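Student: Could you take me through one part of this model up close? I'd like to look at the place where the two chains meet, and then at whatever else is worth a glance.

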Amino acid sequence: MNIRMSHTCLWGALLMMVVLTGCSGVKTTKIDLDNDKAGDVMGLDYRDFQDAAREAVHDILRSGSLDHPRGERYVLAISRITNDTMQHFDTDQLIKKVRVELLRSGRVYVTTAVGAGGPEDAMNFQARELRKDDEFDRGSVADKGELQAPDLSLSGKIIQRNIRLDKKEQQAEYYFQLTITKIKTGLAIWEGETLIGKRGSTKAVSW
Amino acid sequence: MKKLFCILLLIVGVSLCGCADKRVFLNDNVDGDLDVSEVKMQRNHAGFLEVHIRGDNDAGKYFKSEYRIVWFDESGFPLDSLLSTWTPFPVFDDAEFYITAVAPHPRAVDFKIIIRKQEN
């Protein structure tokens, strides 16, 4: 009797495991980035960065701010972009999209030799150290005075404001603010702000 | 009877001309709720092609739509760009709607646009 009971228990447990394994796991799928129909989240996701970047690029290209009087390309440096939200993300999720589009537009070059926190690509300077090394062909090492100083600077801030509407509902407002400054004069030649607002349950996390 | 047939033919003709531009596609889910009445293209002072589209809301209520525009260079190749992702725009009750899109590169010479109702 005991043996029969334990066999039944074993089979029961096994069946339960199979059922639980089959039911509990949500199937992993790749996001269709071109046609994502998934509902919104209270926090920021890739669609929000994409929307904010697209709006900024659209506005910059329409404004004519990047038109060089001699038809040349401006040199653009990426300055400080502050994440002033309650979420942890790299601001490059926004800025990379913007700079890629501006570079592709043929209106600017983006410098990686100058940045708010030092050069973005340290190799700009490390490779110049090779001037001291006789093993390297002199002609292939960058000469002094070849780096281009930036004409323009891109800076910005992402702000979050949370408002509790009632016990069940909250509102999260995200402001994407960007500015392009002419370095010589310190004057802003373009400024833009994209607001993304979301409403949802107070149980949903927006940090 | 003949007169009625002519009038019907005229109505059908006018409604078809409403979106005669072959570069503009209305998705099936629009289902007659909006129509495009004007498509203009110009090169702006910065050298980028711009498209202005004007249309009407025939649904009698506010709804959100989105468009996806693809830009082509002189050889007919599409230009890959963030500006070619789905872009939402409002269609207000009993009002015209407007879309203004700018090309990502001065090389763009033509475009195709698809408009659909936003579902989520």
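Tutor: Here is a walk through the contact between the chains, followed by a short look inside chain A.

Keep in mind that this is a predicted model. Let's start with who takes part: chain B brings 25 residues to the contact, and chain A brings 21 residues. People often describe the size of an interface by the accessible area that is lost when the parts come together. Here the area buried between chain B and chain A is about 1,900 Å². Carbon and sulfur atoms give 49% of that buried area.

Now for the polar side of things. Between chain B and chain A there are 13 residue pairs in polar contact, counting pairs with both residues at pLDDT 80 or more. As for salt bridges, three of them cross the interface of chain B and chain A. One to pull up on your screen is B:E50 with A:R62, where the closest N and O atoms are 3.0 Å apart.

Which elements of chain B should you colour in? Those giving two or more residues to the side that touches chain A are β3 (49-57), β6 (87-91) and β7 (96-102) of chain B. Of these, β7(B) gives the largest share, with three residues. Sort the residues on that side of chain B by type and you get eleven nonpolar, ten polar and four charged.

Salt bridges aren't limited to the interface, of course: over all chains, the structure holds 20 salt bridges. A nice one to zoom in on joins the side chains of A:K198 and A:D48, at 2.7 Å from N to O. A:K198 sits in strand β5 of chain A and A:D48 in helix α2 of chain A, so this pair ties together parts that are 150 residues apart in sequence.

Helix α2 and strand β5 of chain A turn up again around a cavity. The count is one cavity of 30 Å³ or more, and the largest cavity has a volume of about 30 Å³. What lines it? The residues are A:A52, A:A56, A:L94, A:F176, A:L178, A:G192 and A:T194. Two or more lining residues come from each of α2 (46-63), β4 (169-182) and β5 (187-201) of chain A. By type, the lining has five nonpolar residues, two polar and no charged. Compare that with the side of chain B that touches chain A, where four residues are charged.

Conventions: Residues numbered from 1 in each chain as written. Chains lettered and ligands numbered in written order. Predicted model: local features only at pLDDT ≥ 70, side-chain atom pairs only at ≥ 80, totals over all residues. Heavy atoms only, no water. Contact = heavy atoms within 4.5 Å. Buried area = accessible area lost by both parts, 1.4 Å probe. Salt bridge = Lys/Arg side-chain N within 4 Å of Asp/Glu carboxyl O. Polar contact = N/O pair within 3.5 Å; in protein donor to acceptor, adjacent residues only side chain to side chain. Helix = DSSP H or I, 4+ residues; strand = E, 2+ residues; numbered from the N terminus. Nonpolar A, V, L, I, M, F, W, Y, C, P; charged D, E, K, R; others polar. 1 Å grid on protein atoms, 1.4 Å probe; cavity = no way out; pocket = protein on both sides within 12 Å on 5 of 7 lines; lining within 4 Å. Points joined across faces, edges and corners; volume = space filled by probe spheres on them.
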